[in-house]
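Please open the structure in your viewer and keep the selection panel at hand. The tour below proceeds from one selection to the next around the ligand.

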Amino acid sequence: LFGLPDQAAHERVLLATDPATGLKAILAVHSTARGPAFGGCRLWHYDSEAAALNDALRLSQGMSLKNALTDLPFGGGKAVILKPQGDFDRPALFAAFGRAVQSLNGAYITAEDVGTTTADMRGLQAVTPFVSGIPRDGAFGGDPSPKTAWGVFVSIRAGVRLVLGRSSLDGVRVALQGLGAVGWHLAEFLHQAGARLIVADVDAAKVQRAAERFGATAVHVGEILAADVDVLAPCALGASLNTQTVPAVRAKLIAGAANNQLATTADGDALQARGICYLPDYLVNAGGIISVAREYRGEGEETAVMAEVSKIAERVEELLQRVQKADSTPARVADDWARSKLVKPA
Ligand code: NAI
């Protein structure tokens with residue numbers, strides 16, 4: 001199918017269509033070895049069905065590695081909905097998507113991702129129980145992005161200490177690509193810790209707000225990856241680190257929320273060769289899945305979830321120790337470490 005090499009690695013890929021609502025969605029179940037495949041649903045304009053499929057396959061595989069490395073009792077999956085052209089009935093579209101999720105009988109559990117909201121997830125709940133990321137009365141739940149941002153923040157803090165040898169974030173220069181749900185919360189945490197922010201977003205209003213609120217310096221979206229900073233935090237979309245951009249990166253540490261930051265593993269090798277430490281996306285951005293997984297299991301409680309998210313920093317430390325021993329790159333070591341956990345938890 002579409003000649004994509006990763007195809008064979010997936011357990012199940014469902015193309016769901018519903019002409020009445022305009023739904024065209026791909027639900028990719030990469031692995032259920034650890035439990036039901038858990039991962040968000042993206043609503044996005046794709047140039048082609050092949051591009052959407054490629055995204056779903058890459059993202060769902062990443063979820064398997066993320067959930068395994070985080071020791072969650074879940075496998076990896078992801079859904080993408082190809083955004084219909086023009087006006088569309090959003091509740092009806094999501095109801096149709098919910099029926100597709102339901103048809104997998106719990107093999108896949110969904111939640112928010114880029115382009116989808118807590119309101120969308122609440123709508124899905126009327127159609128299927130296999131959904132999380134919903135604000136609940138008197139109980140833990142809802143938007144995972146603040147938890148994702150906290151995980152990225154503690155990873156940056158650990159990386160600054162272990163890689164840059166600095167004891168605090170005070171005065172550390174951080175370039176932030178993308179000031180969306182995660183990027184904005186991350187900017188708050190970094191600002192409170194005394195970091196100096198350099199920011200870019202295609203949405204000029206967000207950049208303006210960041211300049212006012214955090215005293216952030218704005219740069220053009222085409223310049224953010226090459227900014228003269230200590231830390232680079234990609235928090236927009238995937239494949240930002242590629243053969244075009246890697247040679248220009250000036251940061252010594254990269255840690256951000258965006259999924260699939262490396263276009264290829266070779267780009268991780270190229271970063272290492274340039275003396276740049278790349279902390280793998282699925283390690284540092286696991287705060288969101290920790291949050292929605294706890295909510296789904298009814299184990300949510302704010303302080304317990306935050307404590308679990310904070311443990312991402314310990315895994316960063318362990319990863320860097322493993323990298324030293326293995327004489328390899330963080331991306332390759334994390335992949336091997338996560339794959340070794342792609343088995344049913346004891
Ligand atoms: P979002 O859609 O709220 O924010 C993305 C931001 O990036 C937007 O402000 C957008 O204008 C901006 N942007 C898009 N293209 C850009 C470019 N070329 N240069 C600069 N800015 C650009 O999405 P969200 O939820 O903040 O997620 C960000 C990334 O983190 C995504 O890759 C997502 O998959 C990943 N992620 C999000 C989690 C969550 O809890 N929301 C959990 C784990 C990963």
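In this tour, Ala, Val, Leu, Ile, Met, Phe, Trp, Tyr, Cys and Pro count as nonpolar, Asp, Glu, Lys and Arg as charged, and the others, Gly among them, as polar. The model is predicted.

Select the ligand first, together with the 24 residues that surround it. By class, this shell comprises 12 nonpolar, seven polar and five charged residues. The closest residues to label are Thr148, Val182, Asp201, Lys206 and Ala236.

Next, display the side chains that approach oxygen atoms of the ligand. For Thr148, a side-chain N or O atom is 2.6 Å from a ligand oxygen. At Lys206, the corresponding distance is 2.7 Å. Asn259 places a polar side-chain atom 2.9 Å from an oxygen atom of the ligand. The ligand taken alone exposes 840 Å², of which the protein buries 82%.

Now show the protein surface: the ligand occupies the largest pocket. Colour helix H4 (145–162) and helix H5 (181–192), the elements that each give two or more residues to the shell.

Finally, colour by domain. Domain 1 (5–62 + 74–125) and domain 2 (145–285 + 315–339) each contribute at least three residues to the shell around the ligand.

Key:
Residues are numbered from 1 along each chain as its sequence is written. This is a predicted model: local features need pLDDT of at least 70, side-chain atom pairs count only at pLDDT 80 or more; totals for chains, interfaces and linings use all residues. Side-chain values use heavy atoms; hydrogens and water are left out. A residue is near a molecule or strand if one of its heavy atoms lies within 4 Å of it. A polar contact is a pair of N or O atoms within 3.5 Å; within protein, one must be able to donate a hydrogen and the other to accept it, and residues adjacent in sequence count only if both atoms are side-chain atoms. Accessible areas come from the Shrake-Rupley method with a 1.4 Å probe; for residues, only the protein chains shown count as cover. On a 1 Å grid over the protein atoms alone, a cavity is a set of points where a 1.4 Å probe fits but cannot get out, and a pocket is an open set with protein on both sides within 12 Å along at least five of seven lines; lining residues have an atom within 4 Å of a point. A molecule sits in a cavity or pocket if more than half of its atoms lie within 2 Å of its grid points. Helices (H or I, at least four residues) and strands (E, at least two) are DSSP runs, numbered from the N terminus. Domain bounds come from an automatic or database domain assignment.
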